[in-house]
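This report describes how copies of a chain are arranged and then looks at one helix.

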Number of protein chains: 4
Amino acid sequence: MTVVLGPNRYGKAETRVVRVTRDGEVHHLKDCNVSISVSGAMEDVHRNGSNAAVLPTDSQKNTVYAFAKEHGIGQIEEFALLLARHFVGSQPTIHHARVAVEEYSWERQGPHSFVRSATETRTCVVHHDRDGTSTVVSGLRDLVLLNSTGSEFHGFIQDEYTTLPPATDRVLATAVTARWRHASPAEPADPPGVAPRGGAASGPVGSYDFGKSYDVARRCLLEAFADTHSLSLQQTLYAMGSRVLTTRDEICEVRLELPNKHHFLVDLAPFGLENDNEVYFAADRPYGLIEGTVLHDDAPAAGPAWD
Amino acid sequence: MTVVLGPNRYGKAETRVVRVTRDGEVHHLKDCNVSISVSGAMEDVHRNGSNAAVLPTDSQKNTVYAFAKEHGIGQIEEFALLLARHFVGSQPTIHHARVAVEEYSWERQGPHSFVRSATETRTCVVHHDRDGTSTVVSGLRDLVLLNSTGSEFHGFIQDEYTTLPPATDRVLATAVTARWRHASPAEPADPPGVAPRGGAASGPVGSYDFGKSYDVARRCLLEAFADTHSLSLQQTLYAMGSRVLTTRDEICEVRLELPNKHHFLVDLAPFGLENDNEVYFAADRPYGLIEGTVLHDDAPAAGPAWD
Amino acid sequence: MTVVLGPNRYGKAETRVVRVTRDGEVHHLKDCNVSISVSGAMEDVHRNGSNAAVLPTDSQKNTVYAFAKEHGIGQIEEFALLLARHFVGSQPTIHHARVAVEEYSWERQGPHSFVRSATETRTCVVHHDRDGTSTVVSGLRDLVLLNSTGSEFHGFIQDEYTTLPPATDRVLATAVTARWRHASPAEPADPPGVAPRGGAASGPVGSYDFGKSYDVARRCLLEAFADTHSLSLQQTLYAMGSRVLTTRDEICEVRLELPNKHHFLVDLAPFGLENDNEVYFAADRPYGLIEGTVLHDDAPAAGPAWD
Amino acid sequence: MTVVLGPNRYGKAETRVVRVTRDGEVHHLKDCNVSISVSGAMEDVHRNGSNAAVLPTDSQKNTVYAFAKEHGIGQIEEFALLLARHFVGSQPTIHHARVAVEEYSWERQGPHSFVRSATETRTCVVHHDRDGTSTVVSGLRDLVLLNSTGSEFHGFIQDEYTTLPPATDRVLATAVTARWRHASPAEPADPPGVAPRGGAASGPVGSYDFGKSYDVARRCLLEAFADTHSLSLQQTLYAMGSRVLTTRDEICEVRLELPNKHHFLVDLAPFGLENDNEVYFAADRPYGLIEGTVLHDDAPAAGPAWD
């Protein structure tokens, strides 16, 4: 028996960068959290602490800030691709880079004043390999949705531990974590996401428009949740994923994690009161957790996209 | 030396209640977190465990649900007053009640579909005493604001531990916790907040309109933060509190807690780049914390309002 | 009607400082979180942004680090007093200082190796005023305790909303937040907490030994919780506070916040099983919250100690 | 293009169960958080909301409580296996079950009194498939370790964004998340983990003793961290994993996630003070994140063990 090194990666997590771009009196704001992981020829550093192959995580952090200055931060997918390609392209010992970016949303209150808006966070995870391939997964988390009717749950298995009564009208609530994979990421001749020096990079890269793609995917999730008369949260999940896939050609796979945030009808009978689906207790734990994937039957191989 | 019992209170904290009201196909939603504390003739329970004076916290929780059904949940201040007066009015051993309510905001997506909106939470704390007096404090927390310019900080004390350079243009960001005291709470002949059975209580109680008061106070905070060319966060705090007081007569005191969410300009010189207020590191800890009170010189005594 | 400035304070919160002291090969570790608030002649900075009276929070942070070097960190109360007296003593515009320190506990694994131990955090809050008076409150939080029997709850008020059955044997669990006030803080001729330069200050200051006081107070809380056959959590609270007061003369007042972390007996009857106090559901929300003060009848006035 | 259903699973997450076992006056306590995910013939429920194949998550929760009563909770791996095999064995539509258990540690204070101890949480994840195979991964999280010397970092890549100076003596601190895979889980003729009815199941199952395995693995991690003179956190990671593998034959693979909790030396020169590795700032974000796997070269295939 011999001990060997298996899969590994390292990098700087949660570099918080805020990029301000000035358009005369009017400022624009991008507020992101960038996490980098790289891997490659890292046998030595694990076995004997030789750091000759190691780009310090501190340098990775510095790169985030320098690139934010040089290229601006446009769509987060572009910024992530730019970083991932840089690390793989500039260091022979780095064979693969994974860059995850979270973006916090701000609403304008004045020419240079902003208020944090929305509970959800936009996300992306990008992989780039030294063979030249990239994968891009976009997404969001903490999008909290609730339907106060239009949801049922019955006809389920009854085993010896089943006490749940069937429900023909319940509250359905969840906090959506959604990630969707792009069929083929932009592969422009020029570095993606490169804006005029100091400018706020944005807009299509190659044939892609990550901003529009995000907006429509998010709306699909919201609308499918609201539109679907639900017999189970799984059905709603499938409807949400399908809506994204059938609306946006560039997206080939959607993964959803939907906690069932239980709202239990309070028993008011002891107080001589009926509860006609009016008063609910919002429970914390335990909760149902529904996880599922919806994809095109001809989706290209995912590679490391979901790692 | 004798050991004696000092100030004490007890109650059920964080009862999560969601109230749905149906207006034909259109549903309305109130999503609250209710925390109750009562005090009074509690010497015996502390000294020997006699519970004869104790209304169980479980009963307090039940009361929240029953009242949500019977009276609906209108403005949270009204619901809190209703509960506080009930406990003091119905139990001789309860001399004082404090009810705190948090309300989470939802935005409509369809007739019965909602999405959680905004990062901030609306709050209130109500006290009611058996002498008949009530105090009402309204507020909010987690309202995150940022100005990307229009803020300076210089002319401060230089002591032997001072290394901070003066700033004539900085990012100013904070997460507002604000609470404001109403000069005199509604004291209607009828119980406040009582809506037609099953209806969604709302609107003015006596001469009060807590909903409008909240909306305007919130807007004052937002606008004063955005409008004020700031030489210090204290100046901005004072401007925010003053704006509320001079705009709304019914509010006599404002308390603000403003963490200074530091955004440090990243030094890009080692990379041959200038940083003309473009790239910032958003720090977590430590942070400045500015706390202050702004009030009318003739504000009535606060009593237990802030406890 | 005129708008006036009320109570205010500002400072640097949550400066995280780790102090290593070397005793040959053996290292000692103090890991603290320091929060400073000062107040005084701050009218101008609020009204017009003049910072002439303002010691930057950045300088306060620097002072924490410099003092950690110069004086070491002994008992946290001593370090807090040292800082509070410095700010008031060195700046005419600062009339009052409040310093709160949290300490995280580490257990030794080797001469220079440590593992974080215990879930609880030791705390203190110190006030110092320019009239020369100091107050010291010590404490802890997140000390999680559970008795699996020896707790009852019955004989309580039955109102129309009461459905809770009486209990003669229940689980009693809580996460203790305790703070205790010292009757008179150390007022030595020499600065308190001053250790030989670079040394690990510790041990008695004047007639005080904050370390021993803490250890005994903590043990009193633990033992009184375990020893008390409880008819209510209030009774347990009183017993815990009394135990501290009657054991340690230097402590004149104890404040406790005890969430009743409900453990509900699961109904196993539907599965043909009895539940003889064996299987519990540990609930999150809502929870009872019991807050109370126990003090000496001749305790000196608290001043701002609890603020 | 057709939309198809990909990998999916569902279940009840975070069922909080506390099991008390009485040995005369002396009570024993197990405090766990159980998360279940099952998968199988779930095409219909996703496509049309037919729940005929769905065992409600509520029934899963009930099973946790009923099994805690009937079988006790011994080693968490045994309890997890018991549950996983039950779901797969009793429901034809469930082809695969994943059960994750967290266990919180309590220290005895009296015959029936306990205090929460340690910051770390013991964990396990068990998979069971209808082909009869099981996999068991044990682990822990939030084990916080620090070496105040014996750590270096130099000889790394210098790129254009590198400003980090080499370090020959630094603080190394991390919060360990470790998971280790058992080469072959217990496959006893009798259901594993089955204790005498009402008893506290514990001890070896088949040839396994999960309790001892955990204790030794945890000690290996602690000791390897403390013993290793570290030239990089990767080296320490590898040493930690190797120590487990070479000490315990039943463990064939170890995965570690080690955030580098940076402790930066504070620059005290502006205050005329030297900082001879005495005063550190404990930073929150960003942080390095080192992830790696160490395994036997002849480890059996992992199957879904890590999912």
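## Copies and one helix

In this predicted model, chain C can be laid on chain D by a turn of 180° and a shift of 0.0 Å along the axis, with an RMSD of 0.0 Å. The two copies are thus related as by a two-fold rotation axis. Copies are superposed by least squares on the C-alpha atoms of residues with pLDDT of at least 70 in both. In chain C, the C-alpha of C:A118 is nearest the axis, 2.3 Å from it. Of the interface residues of chain C, 100% are also interface residues in chain D, so the copies meet through the same surface. Two residues are in contact if their C-beta atoms, placed from the backbone, lie within 7 Å.

Chain B can likewise be laid on chain C.

| Copies | RMSD | Turn | Shift along the axis |
|---|---|---|---|
| chain C on chain D | 0.0 Å | 180° | 0.0 Å |
| chain B on chain C | 0.0 Å | 180° | 0.0 Å |

For the pair in the second row, the C-alpha of chain B nearest the axis is that of B:D307, 5.6 Å from it. Here 100% of the contact residues of chain B recur in chain C, and the same surface serves both copies.

Helix α2 of chain C covers residues 57-71. Helices (H or I, at least four residues) are DSSP runs, numbered from the N terminus. At 1.5 Å times one less than its number of residues, the 15 residues of α2(C) should span 21 Å, which agrees with its end C-alpha atoms being 21 Å apart. In α2(C), 13 of its 15 residues are buried (20 or more other C-beta atoms within 10 Å of the residue's own, C-beta atoms being placed from the backbone). After α2(C) comes C:G72, with a positive phi near 65°.

Residues are numbered from 1 along each chain as its sequence is written, and chains are lettered from A and ligands numbered from 1 in the order in which they are written. As the model is predicted, local features need pLDDT of at least 70 and side-chain atom pairs count only at pLDDT 80 or more, while totals for chains, interfaces and linings use all residues.

Methods: Helix = DSSP H or I, 4+ residues; strand = E, 2+ residues; numbered from the N terminus. Buried ≥ 20, exposed ≤ 12 C-beta atoms within 10 Å, placed from the backbone.
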